[in-house]
Amino acid sequence: MTVALEMSGVSKEFDGNRALDEAWFRAEYGRVHALLGENGAGKSSLMNVVCGLYFPDRGRIAIDGAPVAIDGPAHARRLGIGMVHQHFKLVRPFTVAENVAMANRLGGRWTDQIQRVSESIERYCGELGFELDPDSRIDSISVAERQRVEIVKVLMSGARILILDEPTAVLTDEEADRLLAVVRGLAGRGSAVVLITHKLREVRDFADRVTIMRAGRTVADENPETLTDQRMTELMVGSAPRSALAARSAGGEARLEIEGLSAARDDGVTALASVTLSVQSGEIYGVAGVGGNGQTELAEVLMGVRAAAGGRVAIDGADRTSAHPGERRKGGLGTIPADRYLHGLTADLTVAENFGLAGLAAGRYGKLWVASTRMRGDTEAAIADFEIQGGGPATRSRLLSGGNAQKLVLARELSGGAGILVAHSPTRGLDVRACAAIQSQLLAARERGAAVLLISEDLDEVLDLSDRIGVLNRGRIVGEFARPADRHAVGRLMVGHA
């Protein structure tokens with residue numbers, strides 16, 4: 001196989017924190033090469049160097065055997081490098097064709113460009129075995145379809161080295177398998193495909209080679225067939241991951257009550273139909289379900305960012321159905337949203353500023369001026385308590401890995417003394433160690449007497465953490481189970497409409 005990409009001795013620091021430490025990597029044409037590691041291991045940082053977003057402090061990069069100094073994304077594209085980022089770079093009100101055309105300016109009249117791009121999209125879809133409507137708006141298509149748009153964008157740019165950053169993090173298992181089959185097809189056509197992941201199954205089932213990173217360093221480069229899952233986990237985390245599981249406690253009084261709650265999706269279709277449940281102090285109530293059955297709408301109504309069409313939401317006995325998010329927070333409600341960057345953090349604010357937002361709103365850090373020293377001290381304590389790695393109080397939050405960004409959201413919500421916590425997919429896209437850390441904090445909140453509503457599409461997570469489980473199917477709670485719940489009984493209710 002011909003070597004497509006070779007990196008050696010690559011180092012990079014941000015705000016004095018070393019993200020890459022003499023890292024090395026190699027990928028060949030015609031192969032799927034997995035880049036495996038826990039969140040914060042340096043995987044995305046290393047590939048951001050390749051695609052020109054970061055310039056390394058030290059190190060060597062060679063493309064097709066020739067040394068290069070990649071000075072920006074445009075240079076990377078000219079070298080045949082394309083990266084599909086974990087957070088899509090799409091303009092939501094624009095069509096599929098318009099987004100692809102903006103990324104690949106073909107010259108000439110705009111209408112002519114759109115026509116040529118639409119024809120190219122249809123050709124690529126035929127070759128890759130998936131469907132896309134060039135005339136559909138981005139905000140009207142599924143997450144899986146948006147990912148296909150990103151893949152077509154980079155292929156149209158002439159990419160021969162294709163980098164996919166956690167491409168299955170927001171996909172269902174079925175969607176993920178379809179995407180990874182496309183990835184194998186791209187390698188079969190001669191591309192060098194780099195699959196950034198933390199999922200052992202994806203490495204085992206779809207990769208020809210795996211490079212493993214830990215704490216900014218490359219620790220192994222192996223044939224996946226020679227590694228057991230246990231060995232890959234040891235290489236990723238350095239030691240066995242800490243278990244989040246602990247003994248269950250009995251619940252207390254109802255703190256979050258939902259009665260007959262109904263809500264619609266953005267397109268007007270009913271998403272929730274008369275949902276009724278309650279969460280007691282000192283318990284975790286898990287909502288299980290296949291994605292797309294109303295989980296997102298339930299979380300958004302409880303957060304106060306989507307209006308209820310009917311029913312009632314009560315926090316500690318007070319009706320908060322029509323309350324805005326600030327009033328709900330004052331009433332003791334904390335939230336961990338599924339999209340930590342859309343609803344949880346302001347990416348360009350520092351860690352201290354994001355952590356201190358709730359305290360500022362509550363007057364903890366002053367009213368006429370900000371008590372910045374106190375806020376920084378509290379942030380430093382939270383960083384230590386919640387094991388937030390990869391930065392300090394002055395670090396821009398966008399530089400944190402996904403797992404550490406999620407820990408920052410959790411630290412802010414729990415440090416504010418929230419008595420009720422709504423956690424929507426809190427470990428989605430996170431590695432083994434980060435998942436254990438987040439789950440440990442949820443259990444600790446329950447032990448302190450908080451009422452935790454856990455909404456997750458990960459059935460293992462729901463079964464492991466929940467004291468009670470409600471199954472959400474087509475916008476309705478179709479069954480409720482006390483711990484220990486029968487996995488097969490829960491699963492049957494989850495897919496009963498299929």
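Let's start with the contacts of R255. Setting aside residues up to four places away in sequence, R255 touches V279, Q280, S281, A314, I315, D316, G419, I420, G449 and A451. Keep in mind that this is a predicted model. R255 sits in strand β11, residues 254-264. Is it buried or exposed? R255 is buried, because its relative accessible area is 18% and the cut-off for buried is under 20%. Its side chain also has a polar partner. A polar atom there lies 3.4 Å from the backbone oxygen of G419. For scale, take R201. R255 and R201 are 54 residues apart in sequence, and 39 Å apart in space, C-alpha to C-alpha.

Now the sheet around β11. Four strands form an open sheet, in the order β12-β11-β14-β15, with antiparallel pairing. The edges are β12, residues 270-280, and β15, residues 318-319; each of them pairs on one side only. Between β11 and β12 there are 7 bridges, and the two strands run antiparallel. One position to look at: L261 stands opposite V275 in β12. Then there is a helix on top of this. Helix α9, residues 295-303, lies across β11, β12 and β14, the last being residues 310-315. Helix α9 runs at about 120 degrees to β11.

Next, strand β3, residues 32-36. How many of its residues are buried? The count is 5 of 5. In general, side chains in a regular strand alternate between the two faces of the sheet. Here both faces are covered. V32, A34 and L36 are buried on one side, H33 and L35 on the other. β3 has two parallel partners to mention. With strand β8, residues 192-197, it shares 5 bridges. With strand β9, residues 209-214, it shares 4 bridges. A34 appears in both pairings. It stands opposite L195 in β8, and its bridge partner in β9 is V210.

On to T218, in strand β10, residues 217-222. T218 is buried, with a relative accessible area of 11%. Its side chain reaches the backbone oxygen of W24 at 2.7 Å. The contacts of T218, again without residues up to four places away in sequence, are A23, W24, T211, I212 and M213.

Last topic: charge pairs. The whole structure has 34 salt bridges. I'll show three.

E6 and R26 meet at 3.6 Å, N to O. E6 lies in strand β1 and R26 in strand β2, so the pair ties together parts that are 20 residues apart in sequence. Both ends are partly exposed: E6 at 31% relative accessibility, R26 at 36%.

R468 and E283 meet at 2.7 Å, N to O. Which parts does this pair tie together? R468 is in strand β19 and E283 in strand β13, so the parts are 185 residues apart in sequence. R468 counts as buried, at 18% relative accessibility. E283 is buried too, at 3%.

D460 and R487 form a salt bridge at 2.5 Å, N to O. This one ties helix α16, with D460, to helix α17, with R487, across 27 residues of sequence. D460 is partly exposed, at 40%. R487 is partly exposed as well, at 39%.

Finally, a network. D177, R201, R204, D205 and D229 are joined into one by salt bridges that share partners.

Conventions: Residues numbered from 1 in each chain as written. Predicted model: local features only at pLDDT ≥ 70, side-chain atom pairs only at ≥ 80, totals over all residues. Heavy atoms only, no water. Buried < 20%, exposed > 50% of the residue type's maximum accessible area, 1.4 Å probe, protein only. Contact = heavy atoms within 4.5 Å. Polar contact = N/O pair within 3.5 Å; in protein donor to acceptor, adjacent residues only side chain to side chain. Pairing = 2+ DSSP bridges. Axes fitted to C-alpha atoms, helices over the stretch in contact; angles between N-to-C directions. Salt bridge = Lys/Arg side-chain N within 4 Å of Asp/Glu carboxyl O.
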